[in-house]
Amino acid sequence: MDVQTAVVSVDTIARLSDAIQCHVHIDFTYLKGNKYDAINDSLLRMGLLQPDYFSINSEKLAPQTAIPAFVRQYIKDYMDIAQLIRQKEKDKSKLIGELTIKTELKAAMGNYITALSHIAINNGNGQQTKYTIVRNFNSQNGHLVTLQEQFGDDYKEQLTKEIIKRLADKEKLENDDIVGLQTRGYFVGIPPYPAENFILTDDSTVFIYTPGEINQNEVRVSIDN
């Protein structure tokens with residue numbers, strides 16, 4: 001990108017007891033320079049951090065103070081829940097939680113920037129969940145890009161057809177065989193739709209469905225713009 005970036009990193013382990021601990025690691029990339037303060041404020045409210053504590057926050061946000069505040073809040077919430085679980089389930093030997101979030105910024109179509117947030121979470125049950133959140137925004141004003149702006153008012157119908165076609169081709173099915181896709185584990189019990197998680201490039205759009213959204217695994221579908 002033409003814009004310089006910087007990273008706020010926090011790595012900490014909070015220990016309530018031998019049985020209840022929480023490890024949090026955050027690498028949050030933002031745009032460097034005072035003129036990008038408003039855009040960085042928007043970045044913190046886009047849902048790239050989960051849980052999304054900042055979306056309804058009315059105070060002005062800066063990565064250098066917001067990321068440590070996010071970590072403190074997450075640890076507090078984790079400890080509160082872990083103590084309740086321990087009280088109800090005495091046989092729980094340990095609740096060792098972990099949250100890792102790494103964001104990156106990449107040049108996208110035109111003046112747009114794509115923000116990707118790679119999240120891995122373990123709530124203390126020994127199972128890790130990984131997923132990616134994607135947002136596209138205007139590098140000049142921080143405006144969040146929508147599918148409707150890019151593809152018009154009929155974007156849902158238009159993009160859904162293309163996505164079904166690409167998935168069917170991948171599974172070696174007929175172009176409009178939604179029933180066949182459902183038997184393969186896609187869109188079971190739900191109508192097909194374009195994901196709001198998408199990467200914009202000059203020649204294509206990549207839709208990213210998180211694990212469990214339309215399939216048990218992460219699904220990526222690329223269509224030509």
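## Charges

In this predicted model, the chain carries 24 positive and 30 negative charges. The mean position of the positive charges and that of the negative charges are 7 Å apart.

## Overall form

The C-alpha atoms of the chain fit a box of roughly 55 × 50 × 25 Å, taken along the principal axes. The chain has 225 residues, and buried residues make up 43% of them. The chain exposes about 12,400 Å². Carbon and sulfur atoms supply 46% of that exposed area.

Contacts can also be sorted by how far apart the two residues stand in the sequence. Among the contacts with a separation of 6 or more, 49% join residues 24 or more positions apart.

## Helices and strands

The secondary structure consists of 5 helices and 8 strands. In sequence order, the elements follow the pattern β-β-α-α-β-β-β-α-α-α-β-β-β.

The pattern opens with two strands, β1 and β2. Strand β1 covers residues 5–15 and strand β2 covers residues 20–31. How do these two strands pair, and over how many bridges? They pair in the antiparallel sense, over 11 bridges. One of the bridge pairs is A14 with C22, the latter in β2. A hairpin of 4 residues joins β1 to β2. In a regular strand, side chains alternate between the two faces of the sheet.

## A contact between helix α2 and the start of the chain

Helix α2 spans residues 63–88, and Q83 lies in it. Is Q83 buried or partly exposed? Its relative accessible area is 34%, so Q83 counts as partly exposed.

Which residues does Q83 touch, leaving aside its neighbours within four places in sequence? Q83 is in contact with L16 and I20. Q83 and L16 are 67 residues apart in sequence, but their C-alpha atoms are 9.3 Å apart in space.

## Aromatic pairs

A pair of aromatic rings is described by the distance of the centres and the angle of the planes. The whole structure holds 6 aromatic pairs. One of them is F187 with Y209, an edge-to-face pair with 6.0 Å between the centres and 85° between the planes. F187 sits in the loop between α5 (178–183) and β6 (198–200), whereas Y209 is in strand β7 (residues 204–209). The two residues are 22 residues apart, and the pair links distant parts of the chain. F187 is buried because its relative accessibility is 0%. Y209 is buried as well, with a relative accessible area of 0%.

Y209 also forms an edge-to-face pair with Y193, at 5.8 Å centre to centre and 75° between the planes. Y193 lies in the loop between α5 and β6 and Y209 in strand β7, so this pair ties together parts that are 16 residues apart in sequence. How exposed is Y193? Its relative accessibility is 27%, so Y193 counts as partly exposed. Elsewhere, Y53, F54 and F70 form one aromatic cluster.

Terms used
Residues are numbered from 1 along each chain as its sequence is written. This is a predicted model: local features need pLDDT of at least 70, side-chain atom pairs count only at pLDDT 80 or more; totals for chains, interfaces and linings use all residues. Side-chain values use heavy atoms; hydrogens and water are left out. Buried means under 20% relative accessible area, exposed over 50%, partly exposed in between (1.4 Å probe, protein chains only). Contact means heavy atoms within 4.5 Å. Accessible areas come from the Shrake-Rupley method with a 1.4 Å probe; for residues, only the protein chains shown count as cover. Lys and Arg count as positive and Asp and Glu as negative; His and the chain ends are not counted. The place of a charge is taken as NZ of Lys, CZ of Arg, CG of Asp or CD of Glu. Two strands pair if DSSP finds at least two bridges between them. Rings of Phe, Tyr and Trp (its six-membered ring) pair if their centres lie within 6.5 Å; planes under 30 degrees apart count as stacked, over 60 as edge-to-face and the rest as tilted.
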